[in-house]
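Hi there,

Here is the structure I promised to pass on. Please have a look at it first, and then read my notes below.

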Amino acid sequence: MTESSFDVLVLSGDGIGAEIMPHAIRVMNAAVDDSIELRLEYADFGGCSIDRHGVPMTEETLRQAQESDAVLLGAVGGPKWDDLPVDQKPEKGLLGLRSGLDCFANLRPALTFGPLSEASTLKSELVSDLDILIVRELTGGVYFGEPRGIETRDNLRRGFNTFVYDESEIERVSKVAFELARKRSGKLCSVDKANVLEVTQLWRDVVCEVHSEYTDVELSHLYVDNAAMQLVRQPKQFDVIVTGNMFGDILSDVAAMLTGSLGMLPSASLNSSNRGLYEPVHGTAPDIAGQNIANPLAMILSIAMMFRYSLDAAHVAESIEVAVHRVLEQGLRTGDIMPLDPSAECLLVGTDQMADEVIGQLKSS
Ligand code: NAD
């Protein structure tokens, strides 16, 4: 009997985005039971939307996204659209979608699946069972601040940007981070550069003020340079990290590489009503598109995040994550996560078979 129903908009996008999405949807359908009804709608987005509609995102697609409980996005872009002016490129649709949904909190887990700990560039004892969640502010900070530009003064070119946050922007993303820390180990580390940047002194002040509502969470602070060093020195000291847009951009890529593979990394971007956009961290991989060799697990794990954060169905998220873990334990690998050591007992599988195996595990559990 259906107890809850959700509208999910599917934007497969371009390259391997379009290739992995149908398989990830098969996994999603296998993961839910009769108590959850998923109403799926599909729309063009990115390069394929430019080809069919002349723009990377139509107004109708944005409206559909805003009316959905969650949006699943493959990836957009590719060489075909690289020479278009910046404001007509597929990536423009991505920025428009994120801001149109007001997705201000970007959640990037860095999770090492035990069987893949050898894939990291760090020693496996440093990263085995690693489980960090980076919460990055996504719609403000120096990437969006005005004024910005390049100008010539006294015959010298000068570039400038504005690093700005108001307290409401800091407050809302810190609340998301405190809530998540509360549901995990109860530890939150806020990253700033409060010793030299006034904007991040405000960041630290506001995070401390919000902390008074979450006294059960242990709060610590690190300067961003130290945080980068600690992430590669002893990553398991962290649980949830909250930081601004630019610092989060850099630190989440560092944390991502601790896990060893781009094809394994999911992400979520949430707004204040916990509606969100769920997408793998990787792009459209034009070098391998159309060959049935792309790893679908980042997209599948992004769907798990959707169940946890937007659809309030953590049990479904867990069942998907456990199924992925089991498939990896059995030694099944797409090319990107295949060990270089030929003596390792792993079996190379394609995109479709990897999804089939996850479905097999879901059905047998
Ligand atoms: P990419 O992530 O597409 O690929 C980088 C490398 O990783 C490639 O060698 C690729 O084959 C490999 N790879 C990526 N995902 C994989 C997967 N699931 N399985 C196996 N291998 C995988 O990054 P790029 O090459 O810099 O960008 C290609 C295109 O994607 C560009 O047009 C770029 O603008 C776009 N892009 C889009 C997004 C997005 O939609 N969010 C993000 C990043 C890049």
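**What I found**

Tyr165 has a relative accessibility of 6%, so it counts as buried. Keep in mind that this is a predicted model.

Tyr165 is a good place to begin with the aromatic rings. Searching the whole structure turned up four aromatic pairs. In one of them, Phe163 and Tyr165 meet edge-to-face, with 6.3 Å from centre to centre and 65 degrees between the planes. The angle is over 60 degrees, which is why the pair counts as edge-to-face. Phe163 has a relative accessibility of 23% and therefore counts as partly exposed, whereas its partner Tyr165 is buried. Through ring pairs, Phe163, Tyr165, Trp203 and Phe247 are linked into a cluster.

Next, the nonpolar interior. The largest nonpolar core has 75 residues, and Leu72, Leu107, Met306 and Phe307 are those with the most contacts inside it. Helix 10, residues 297-309, supplies the largest share of this core, with 10 residues. If you would like one residue to click on, try Met306: leaving aside its neighbours within four places in sequence, Met306 is in contact with Val8, Met28, Ala70, Leu72, Tyr278 and Leu311. Another core, of 17 residues, lies apart from the largest one; among its members are Leu130, Ile132, Leu222 and Ala227.

Finally, some backbone details. Most residues other than glycine have a negative phi, and most peptide bonds are trans. Three places in this model caught my eye with that in mind:

- Glu146 and Pro147 are joined by a cis peptide bond, with omega at about 0 degrees. Pro147 is found in the loop between strand 5 (131-137) and strand 6 (149-153).
- Asp102 is not a glycine, yet has a positive phi of about 55 degrees. This residue lies in the loop that runs between helix 4 (90-100) and strand 4 (105-111). With 34% relative accessibility, Asp102 counts as partly exposed.
- Asp154 also has a positive phi without being a glycine, at about 50 degrees. You will find Asp154 in the loop between strand 6 and strand 7 (156-160). Its relative accessibility is 77%, so Asp154 counts as exposed.

Happy browsing, and best wishes!

Key: Residues numbered from 1 in each chain as written. Predicted model: local features only at pLDDT ≥ 70, side-chain atom pairs only at ≥ 80, totals over all residues. Heavy atoms only, no water. Helix = DSSP H or I, 4+ residues; strand = E, 2+ residues; numbered from the N terminus. Buried < 20%, exposed > 50% of the residue type's maximum accessible area, 1.4 Å probe, protein only. Phe/Tyr/Trp six-rings, centres within 6.5 Å; stacked < 30°, edge-to-face > 60°. Core = buried A, V, L, I, M, F, W, Y, C linked by side-chain atoms within 4.5 Å. Contact = heavy atoms within 4.5 Å.
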